[in-house]
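Grab a pencil and let's work through a few exercises together. Each one sets a task and then walks through a solution, one step at a time.

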Amino acid sequence: MNTNAADQYQDIRDGVRDLCAQFPPTYFRKLDEDRAYPEAFIDALTKAGWLAALIPRAYGGSDLGLTEASVIMEEINRAGANSAACHGQMYNMGTLLRHGSEEQKKRYLPKIASGELRLQSMGVTEPTAGTDTTKIKTTAERKGDRYVVNGQKVWISRIHHSDLMILLARTTPVAAVKKKTEGLSIFLVDLRSAMGKGMEARPIRNMVNQDTNELFFDNLEIPAENLIGMEGHGFKYILEGLNAERALIAAECVGDGYWFIDKVTQYTKERVVFDRPIAQNQGVQFPIARAYVNVEAASLMRYKACGLFDAHKPCGAEANMAKLLAADASWEAANVCLQFHGGFGFASDYDVERKFRETRLYQVAPISTNLILAYVAEHVLGLPRSF
Ligand SMILES: Cc1cc2nc3c(=O)[nH]c(=O)nc-3n(C[C@H](O)[C@H](O)[C@H](O)COP(=O)(O)OP(=O)(O)OC[C@H]3O[C@@H](n4cnc5c(N)ncnc54)[C@H](O)[C@@H]3O)c2cc1C
């Protein structure tokens, strides 16, 4: 298969594939059915060091680049698993790495690298603000050596499976800042001590197997030392992490895309209808071939975005475009795969419907396709800001 072509990351690909092979489709099917967290899978990935790829050696990680991290994510999704359970760790950790104090880094990063601590949650989205992040209403008010948090978040994932969460809250009212992007700050919240003591979580049952929640803050106290970076600069810090996040999500979509293409290619060659394999019909071949072409193209844009990121060059446009192209390509491949499985595409035992649901999410989260187009229109093409 072309989709298994060797490249310079073959060692990483082989290592992740070998590990994923220990977790058969039945494992992920059962988790999906039970809406359970992939504990054993995440533990194995952590023990093998894959989730510490971006952590510098000085803090116990393997100091790899975003390109290598993207290959890890791609291979996880391509193996039929889903990276959602672990990708948060990769880019949340990046925020701590870039903006945390030396003391915070020494305290948390080695434990995150070893798996003793999980930093897999990020609390940004709010019910009334939506994508308009500067309108968030959750506040963190400084009182002596603590911040007191009040407000509400929605869609916050892995709260019950992470030890730490990065929280975005307003520390200065909008009326008191020059620009609405100012006055927001980020904090490290110890979820183990917050739960039930100022923070409540209400799970939202949803289309995919993700523990995602509404969060309610009622005078949650956070030690002032848990502020990351400078007070009031949190929005900028979150934005800086987004390019890495988008490039990694793009890689996950590429992985999904290859999974769908492999699956449908194999199935259509074997399925005989009207006395011949359905793959012999151009009406079947062409949509599969087109989806494959689009996955390959999206993968190239992912490499471009990661390469620029690793070279410390601006990559906002490329990371956004990679995310859009890859999310579209994986969704196209998902539709084609489901279509040519006929009725069996709807049967859980074939895994197609599960992966179909999972890959659909990327059109909306963590950033919707429309907002990426708005970014390209404004920041690449110089068109007027539309919102
Ligand atoms: C399973 C799941 C897990 C999630 N996990 C997390 C998490 O861990 N942490 C977290 O902070 N968030 C999380 N989210 C939230 C996710 O990031 C948001 O749902 C996403 O950013 C879209 O925001 P919204 O739902 O508020 O949509 P809205 O902002 O209400 O937008 C709704 C739709 O309108 C369109 N739209 C909005 N404004 C414009 C515009 N100006 N021009 C054109 N179209 C526009 C968008 O395309 C979008 O599809 C998660 C969501 C899901 C579904």
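**Exercise 1. Find which helix gives the largest share of the lining of the largest cavity, then describe that cavity.**

Step 1. Start with the helix: H8 provides five residues of this lining, the largest share. Keep in mind as you go that you're looking at a predicted model.

Step 2. Now place the helices. H8 covers residues 234–270, and helix H5, covering 84–99, also supplies at least two residues of the lining.

Step 3. List the whole lining: Tyr 91, Thr 95, Met 122, Tyr 237, Ile 238, Gly 241, Leu 242 and Glu 245.

Step 4. Sort those residues by class. You should get five nonpolar, two polar and one charged.

Step 5. How much space lies in the largest cavity? It holds about 60 Å³. A search of the whole structure turns up one cavity of 30 Å³ or more. As background, rolling a probe the size of a water molecule over the atoms shows where empty space is left.

**Exercise 2. Work out what surrounds the ligand and which polar backbone atoms lie by it.**

Step 1. Look at the neighbours. There are 18 residues around the ligand, and the ones that come nearest are Met 122, Thr 125, Thr 131, Trp 155 and Ser 368. You've already met Met 122 in the lining of the largest cavity.

Step 2. Check the nitrogen atoms of the ligand. A polar backbone atom of Met 122 sits 2.8 Å from a ligand nitrogen. Trp 155 also has a backbone N or O atom 2.8 Å from a nitrogen atom of the ligand.

Step 3. Then check oxygen. A polar backbone atom of Pro 366 is 3.3 Å from an oxygen atom of the ligand.

Step 4. How much of the ligand does the protein bury? On its own the ligand exposes 970 Å², and the protein buries 67% of that.

Step 5. Which element gives the most to the shell? That's E3, with three residues. Strand E3 runs over 146–157, and both E3 and helix H12 (369–380) supply at least two shell residues each.

Step 6. Finish with the classes: the shell has 10 nonpolar, eight polar and no charged residues.

**Exercise 3. Describe the second largest pocket and its lining.**

Step 1. Begin with volume, which is about 490 Å³ for this pocket.

Step 2. Pick out the residues closest to the pocket's centre. Of the 22 lining residues, these are Arg 98, Ala 244, Phe 309, Asp 310 and His 312.

Step 3. Map the lining onto elements. H5, H8 and H9 are the ones that give two or more residues, and H5 has the largest share with six.

Step 4. Count by class: 12 nonpolar, five polar and five charged residues make up this lining.

**Exercise 4. Decide whether Lys 304 and Tyr 303 are buried, partly exposed or exposed.**

Step 1. Find them both. Lys 304 is in helix H9, residues 282–310, and Tyr 303 is in H9 too.

Step 2. Recall the cut-offs: under 20% relative accessible area is buried, and over 50% is exposed.

Step 3. Apply them. Lys 304 has 47% relative accessibility, so it counts as partly exposed. Tyr 303 has 23%, so it is partly exposed as well.

Step 4. Try some distances. The C-alpha atoms of Lys 304 and Tyr 292 are 12 residues apart along the chain and 19 Å apart in space. For Tyr 303 and Val 71, the sequence gap is 232 residues, while their C-alpha atoms are 9.5 Å apart.

**Exercise 5. Spot the unusual backbone geometry.**

Step 1. Start from the general rule: most residues other than glycine have a negative phi, and most peptide bonds are trans.

Step 2. Which two residues does a cis peptide bond join? They are Ala 365 and Pro 366, with omega about 0 degrees. Pro 366 lies in the loop between helix H11 (352–360) and H12.

Step 3. Look for positive phi. Arg 35 has a phi of about 50 degrees, and this residue is in the loop between helix H2 (25–34) and helix H3 (39–47). Trp 155 has a positive phi near 65 degrees, but its place is in strand E3.

Step 4. Add exposure. Arg 35 is partly exposed because its relative accessible area is 25%, and Trp 155 is partly exposed at 48%.

Note on methods. Residues are numbered from 1 along each chain as its sequence is written. This is a predicted model: local features need pLDDT of at least 70, side-chain atom pairs count only at pLDDT 80 or more; totals for chains, interfaces and linings use all residues. Side-chain values use heavy atoms; hydrogens and water are left out. A residue is near a molecule or strand if one of its heavy atoms lies within 4 Å of it. A polar contact is a pair of N or O atoms within 3.5 Å; within protein, one must be able to donate a hydrogen and the other to accept it, and residues adjacent in sequence count only if both atoms are side-chain atoms. Accessible areas come from the Shrake-Rupley method with a 1.4 Å probe; for residues, only the protein chains shown count as cover. Helices (H or I, at least four residues) and strands (E, at least two) are DSSP runs, numbered from the N terminus. Ala, Val, Leu, Ile, Met, Phe, Trp, Tyr, Cys and Pro count as nonpolar, Asp, Glu, Lys and Arg as charged, and the others, Gly among them, as polar. On a 1 Å grid over the protein atoms alone, a cavity is a set of points where a 1.4 Å probe fits but cannot get out, and a pocket is an open set with protein on both sides within 12 Å along at least five of seven lines; lining residues have an atom within 4 Å of a point. Grid points are joined across faces, edges and corners, and a volume is the space filled by probe spheres set on the points. Buried means under 20% relative accessible area, exposed over 50%, partly exposed in between (1.4 Å probe, protein chains only).
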